[in-house]
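Hi,

Here is the structure I promised to pass on. Have a look at it first, and then read my notes below.

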Amino acid sequence: MAETEQITVADTSAGVGGNTDPDRPVNLPVVELLTGRGFITGKSGSGKSNSASVIAEKLLDNGFGLLIVDIDGEYYGLKEEYEILHVGGDEECDIQVTEDHAGKIASLALEQNVPIILDISSFLDEEEAETLLTEVSKQLFAKAKKQKQPFLMLVEECHEWMPEKGSMGEVGKMLIKIGKRGRKHGLGIVGISQRPADVKKDYITQCDWLVWHRLTWNNDTKVVGRILDNDYADAVEDLGDGEAFLMTDWAEAVHRVQFRRKQTFDAGATPGLDDFERPELKSVSEDLVSELETISDEKQATENRIKELREELDKKNSRIAELERELQDARDLSRMAEQFTDALVDHVDDYNPGRTAKEEERRRRERFAEAGEGSPSETAEDSPAEDAEPAAASGGGFGDAFGDFAPEEGMDSPPASGGDAGPPQADATATNGQPDAASANGQAEGDDAETAFAAAMASVDSGGSSSDGGVAADTGGGTRAAPIDPIDDSVPEAVAALAADIADLEGKTRRMLAFYVEQGPGTPLNAHFSAGGSGDRTAAYARNRTLRLRGLVEHVGRGSYDVRLGALIDEETATDLPAAQRDEYADRLEGQIVDNES
């Protein structure tokens with residue numbers, strides 16, 4: 001294509017600003033149109049859209065590529081004569097597109113020279129339309145840099161995208177960028193608007209050619225006066241339909257011209273009383289549509305897959321919620337079962353002290369008979385001393401799993417392992433042949449069952465050792481340090497106060513502390529059970545909380561707690577004590593805790 005090639009779009013017109021030689025053809029250079037920046041304006045009905053359509057028809061006649069951004073759906077009439085791809089957001093278009101198609105649209109336009117109508121009017125969602133136009137503009141600009149092929153982008157109602165006042169969105173910024181830098185890449189742009197006063201002046205003032213149709217609004221005629229002349233500002237109000245002032249950089253003159261009528265169906269004409277007949281429009285190649293349909297199909301498949309995954313997720317979430325409800329119900333049932341069991345245990349604990357010796361003997365004989373053994377007296381007389389301990393343990397009321405450390409009331413306690421404990425039978429059996437639980441645990445007659453049970457537990461755990469309270473005691477694992485006397489002046493006041501606080505603890509709580517001292521890290525449930533409690537979770541953690549708040553124990557991980565007497569002494573004495581002395585006081589406190597509960 002030579003740079004001298006031109007297209008005829010209008011004829012000269014007489015009148016103010018006109019030529020003495022009217023009706024002379026007006027030609028426009030193709031290259032300047034395709035790669036330059038143009039502006040066509042005029043009030044509604046003045047002929048601006050007709051002028052833009054005439055330019056588009058002439059370019060299409062000569063096989064030049066262009067993309068029309070149609071905001072009112074009035075350019076599809078070009079399909080009456082030309083094979084032009086009509087894309088948009090409804091079924092009236094050849095194919096419905098989204099921003100995912102932007103790259104392919106730009107590729108068809110520049111690489112395959114396919115003329116395209118981008119019908120923005122068919123989108124109900126304005127944001128969706130703006131996003132599509134932004135992406136198409138970006139893709140055209142990017143591909144034009146590589147393609148270097150003359151191409152025209154025609155934008156209707158450009159004041160909506162490039163406003164003079166207010167903020168400008170991504171679309172306007174991209175169109176301004178094409179206007180400023182597109183020419184060097186062969187990408188031209190034409191803006192069309194009925195309100196020149198509302199169009200960004202940065203765009204109008206850099207245009208190579210401008211077409212001014214009839215304008216009557218004062219603000220708009222002022223723009224004409226500033227760019228052309230005040231004489232033209234007055235005359236522009238009297239221009240006829242299709243008549244305009246044409247200003248071009250290459251002619252360096254202003255001409256009054258009459259644009260020719262478009263040849264294709266005028267879809268933008270104001271409807272009249274006559275019947276509307278839509279002309280037969282040409283269809284585009286199926287190959288072009290199929291390329292875009294592939295993108296649509298892939299997008300639809302992706303959307304369908306996303307929908308399926310969301311439905312699956314909803315089902316799984318519903319199932320999780322259902323399982324959580326079932327789990328909560330199970331927890332409620334378990335809690336009810338624990339409460340019921342606790343109630344039964346409490347009932348048995350309340351009942352056991354009232355049993356007579358005869359009832360206890362009868363119960364023991366029945367258990368021995370069920371086990372296939374002789375009577376308790378026969379077992380005590382005929383079995384060696386070392387065999388008496390398992391017999392007593394297996395008869396406990398807690399089953400085989402707890403028989404070694406939880407003897408039932410009325411049963412023989414395990415024999416002490418201390419050197420002076422004496423024969424097992426002599427310590428564990430009364431004169432009437434009945435086992436005496438209070439004697440077995442070193443407790444005075446009349447203590448409650450809970451205290452007796454805790455004493456039996458401590459006896460088993462400590463190996464039967466005892467302390468005389470004033471000197472070091474043998475606990476089976478070495479020598480305990482002497483206990484702390486609260487009135488001893490040699491002991492720091494804070495340490496003495498700590499010993500007094502520990503002594504003031506409620507019995508079970510203090511025995512739980514003894515459990516942590518002797519056993520090391522353990523759970524509150526185990527400590528509570530060892531202290532003679534029923535193992536109720538709420539009660540165990542309530543007592544453990546008392547120890548924790550007083551700083552006597554701390555959480556050491558995995559639900560376990562351990563004593564922290566050394567650290568507590570440091571805190572109470574402001575870490576004034578030497579480490580060795582602090583450890584000594586901690587050992588004496590630990591020994592005192594264990595000895596008092598033995």
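To start with the charged surface: in which helix does Lys146 lie? Lys146 sits in helix 4. Keep in mind throughout that this is a predicted model.

Lys146 is exposed, because its relative accessible area is 76% and the cut-off for exposed is over 50%. It also belongs to a patch of positive charge on the surface, together with Lys138, Lys145, Lys148, Lys177, Arg181 and Lys184. Two helices, helix 4 (126–147) and helix 5 (170–181), each give at least two residues to that patch. The largest share, 3 residues, comes from helix 4.

Helix 4 turns up again on the negative side. Glu130 has its place in helix 4, and it is one of the residues of a negative surface patch. The others in that patch are Asp72, Glu99, Asp125, Glu126, Glu127, Glu128 and Glu160. Glu130 counts as partly exposed, because its relative accessibility is 36% and that class runs between 20% and 50%.

Now for two residues outside those patches. Is Asn50 buried or exposed? Asn50, which is part of helix 2 (residues 48–61), is buried, since its relative accessible area of 10% falls under the 20% limit. If you skip residues up to four places away in sequence, Asn50 touches Arg260, Arg261 and Lys262.

Gln258 is in strand 12 (residues 253–259). With 30% relative accessibility, Gln258 is partly exposed. Its contacts, leaving aside neighbours within four places in sequence, are Ala10, Asp11, Ser13, Asp241, Gly242 and Glu243. Try also the pair Gln258 and Gly47: 211 residues separate them in sequence, while their C-alpha atoms are 9.9 Å apart in space.

And the overall numbers, in case you want them for the file. The protein has 598 residues, of which 44% count as buried, and it contains 21 helices and 14 strands. Taking contacts between residues at least 6 apart in sequence, 67% join residues at least 24 apart. The accessible surface is about 30900 Å², with 45% of it belonging to carbon and sulfur atoms.

If you open just one view, I'd pick helix 4, where you can find both Lys146 and Glu130.

Cheers

Key
Residues are numbered from 1 along each chain as its sequence is written. This is a predicted model: local features need pLDDT of at least 70, side-chain atom pairs count only at pLDDT 80 or more; totals for chains, interfaces and linings use all residues. Side-chain values use heavy atoms; hydrogens and water are left out. Helices (H or I, at least four residues) and strands (E, at least two) are DSSP runs, numbered from the N terminus. Buried means under 20% relative accessible area, exposed over 50%, partly exposed in between (1.4 Å probe, protein chains only). Contact means heavy atoms within 4.5 Å. Patches are made of residues with over 30% relative accessible area and no salt bridge: like charges are joined within 9 Å, nonpolar side chains (Val, Leu, Ile, Met, Phe, Trp, Tyr) within 5 Å. Accessible areas come from the Shrake-Rupley method with a 1.4 Å probe; for residues, only the protein chains shown count as cover. A salt bridge is a side-chain nitrogen of Lys or Arg within 4 Å of a carboxyl oxygen of Asp or Glu. Lys and Arg count as positive and Asp and Glu as negative; His and the chain ends are not counted. The place of a charge is taken as NZ of Lys, CZ of Arg, CG of Asp or CD of Glu.
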